[in-house]
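User: Please take a close look at one single residue and its surroundings. Where does it sit, what touches it, and how does that place fit into the rest of the chain?

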Amino acid sequence: MDDSSSWLSQVLPLLQSPLGAVLFVPLYAVWVTLLLPGVWASMLAGALYGPWWGSLVVFIGACLGAEAAFLLGRHWLRDWARRRLAAVPKLQSLEQAVSKEGLKLVLLTRLSPAFPFSLLNFAYGLSEVSLRDYSIGLIGILPGTILFCGLGALAGDVARFGEVLSGRADPLSWAVRIIGLFATLASVWFVGKAAQRVLGNNEIIDN
């Protein structure tokens with residue numbers, strides 16, 4: 001066994017423990033605040049804790065990171081955030097639209113895959129949306145969170161597919177997970193398209 005395998009065998013049980021799940025939350029929050037892509041971290045949580053516990057861990061961490069980025073953009077990093085968003089016109093247009101739409105716009109943009117999660121946090125910090133509406137709108141990240149954690153959990157199952165072939169794992173439960181993941185993927189796709197269609201009708205994306 002090489003050093004990397006030995007290190008992983010020691011760290012993995014800690015990550016999969018209740019303490020590891022608790023520590024994963026602030027780490028995910030920092031990850032989001034630093035504008036790093038959350039997809040891989042979400043999939044890792046799914047592989048470590050399963051689709052449902054992983055989704056809970058990611059959702060709490062993502063909300064904490066989103067709140068931190070929002071407050072930084074609103075109070076302390078306004079000039080930096082404005083320069084960072086200058087290259088993304090559709091996010092700049094939110095500043096004008098959010099004063100009229102409020103919670104509805106926040107929720108729709110969270111559901112739509114057209115808007116990057118991390119940058120959107122800073123964009124709303126620059127806008128006139130209230131902290132209350134912004135926080136409630138974070139509910140819209142749940143479908144995507146469940147999807148990516150489900151993908152991570154499935155990736156872990158694929159890595160253990162030899163257990164299914166050898167009869168040491170239940171193929172029926174494994175198949176149910178795959179069917180559930182595809183159902184989630186379809187639901188997220190339809191919800192995202194519906195949100196994007198509403199946003200397009202309101203000319204928020206095009207402006």
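Analyst: Helices here are DSSP runs of H or I, at least four residues long, and are numbered from the N terminus. The model is a predicted one. My choice for the close look is Tyr 134, in helix α10, which covers residues 131–137.

Start with exposure. Is Tyr 134 buried or exposed? Tyr 134 has a relative accessible area of 0%, and the cut-off for buried is under 20%, so Tyr 134 counts as buried.

Next, the contacts. Which residues touch Tyr 134, once neighbours within four places in sequence are set aside? They are Ala 66, Glu 67, Phe 70, Val 106, Arg 110, Asn 121, Tyr 124 and Val 129. Sort them by helix. Helix α4 runs over residues 51–76, a range that takes in Ala 66, Glu 67 and Phe 70. Asn 121 and Tyr 124 belong to α9, and both are buried there. One further distance helps to place the residue. Leu 105 is 29 residues from Tyr 134 along the chain, and their C-alpha atoms are separated by 9.6 Å.

Now the neighbours within α10. Residues 131–137 make up this helix, so Arg 132 and Asp 133 fall inside it. These two form a salt bridge, with the closest N and O atoms 2.7 Å apart. A search of the whole structure finds 1 salt bridge. Its partners sit in unlike surroundings: Arg 132 is exposed at 58% relative accessibility, whereas Asp 133 is buried at 15%.

Follow the contacts into α9. This helix spans residues 117–126. How many of its 10 residues are buried? The count is 9, so α9 is largely enclosed by the rest of the structure. The buried residues are Ser 118, Leu 119, Leu 120, Asn 121, Phe 122, Ala 123, Tyr 124, Gly 125 and Leu 126.

Phe 122 leads onward from α9. Phe 122 has a relative accessible area of 3% and is buried. The structure holds 5 aromatic pairs. In the pair of Trp 80 and Phe 122, the ring centres are 5.3 Å apart and the planes stand at 70°, so the pair is edge-to-face. Trp 80 lies in helix α5 (residues 78–85) and Phe 122 in α9, so the pair ties together parts that are 42 residues apart in sequence. Trp 80 itself is partly exposed, at 33% relative accessibility.

Go back to α4, and look at Ser 55. This residue sits in α4 and is buried at 5% relative accessibility. Beyond its neighbours within four places in sequence, Ser 55 contacts Gly 50, Thr 145, Ile 146 and Cys 149. Cys 149 is buried too, at 0%. Cys 63 also counts as buried, at 16%. The structure holds 0 disulfides.

Elsewhere, helix α2 offers a contrasting view. A nonpolar surface patch of about 490 Å² is made by Leu 14, Leu 19, Val 22, Leu 23 and Leu 27. Which helix gives the most to this patch? Helix α2 (residues 18–33) does, with 4 residues. Leu 19 lies in that helix. There is an aromatic cluster as well, formed by Phe 24, Tyr 28 and Tyr 49.

One backbone detail follows α2. Leu 35 is in the loop between α2 and α3 (38–49). Its phi is positive, at about 65°, although Leu 35 is not a glycine. Most residues other than glycine have a negative phi.

Finally, the whole chain. It has 13 helices and 0 strands. Of its 207 residues, 39% count as buried, and Tyr 134 belongs to the buried set. Among contacts with a separation of 6 or more, 79% join residues 24 or more positions apart. The accessible surface comes to about 11500 Å², and carbon and sulfur atoms hold 68% of that area.

To sum up the close look: Tyr 134 is buried in α10, and its contacts include Phe 70, Val 106 and Tyr 124.

Notes:
Residues are numbered from 1 along each chain as its sequence is written. This is a predicted model: local features need pLDDT of at least 70, side-chain atom pairs count only at pLDDT 80 or more; totals for chains, interfaces and linings use all residues. Side-chain values use heavy atoms; hydrogens and water are left out. A disulfide is a pair of cysteine sulfur atoms within 2.5 Å. Buried means under 20% relative accessible area, exposed over 50%, partly exposed in between (1.4 Å probe, protein chains only). Rings of Phe, Tyr and Trp (its six-membered ring) pair if their centres lie within 6.5 Å; planes under 30 degrees apart count as stacked, over 60 as edge-to-face and the rest as tilted. Helices (H or I, at least four residues) and strands (E, at least two) are DSSP runs, numbered from the N terminus. Patches are made of residues with over 30% relative accessible area and no salt bridge: like charges are joined within 9 Å, nonpolar side chains (Val, Leu, Ile, Met, Phe, Trp, Tyr) within 5 Å. Accessible areas come from the Shrake-Rupley method with a 1.4 Å probe; for residues, only the protein chains shown count as cover. A salt bridge is a side-chain nitrogen of Lys or Arg within 4 Å of a carboxyl oxygen of Asp or Glu. Contact means heavy atoms within 4.5 Å.
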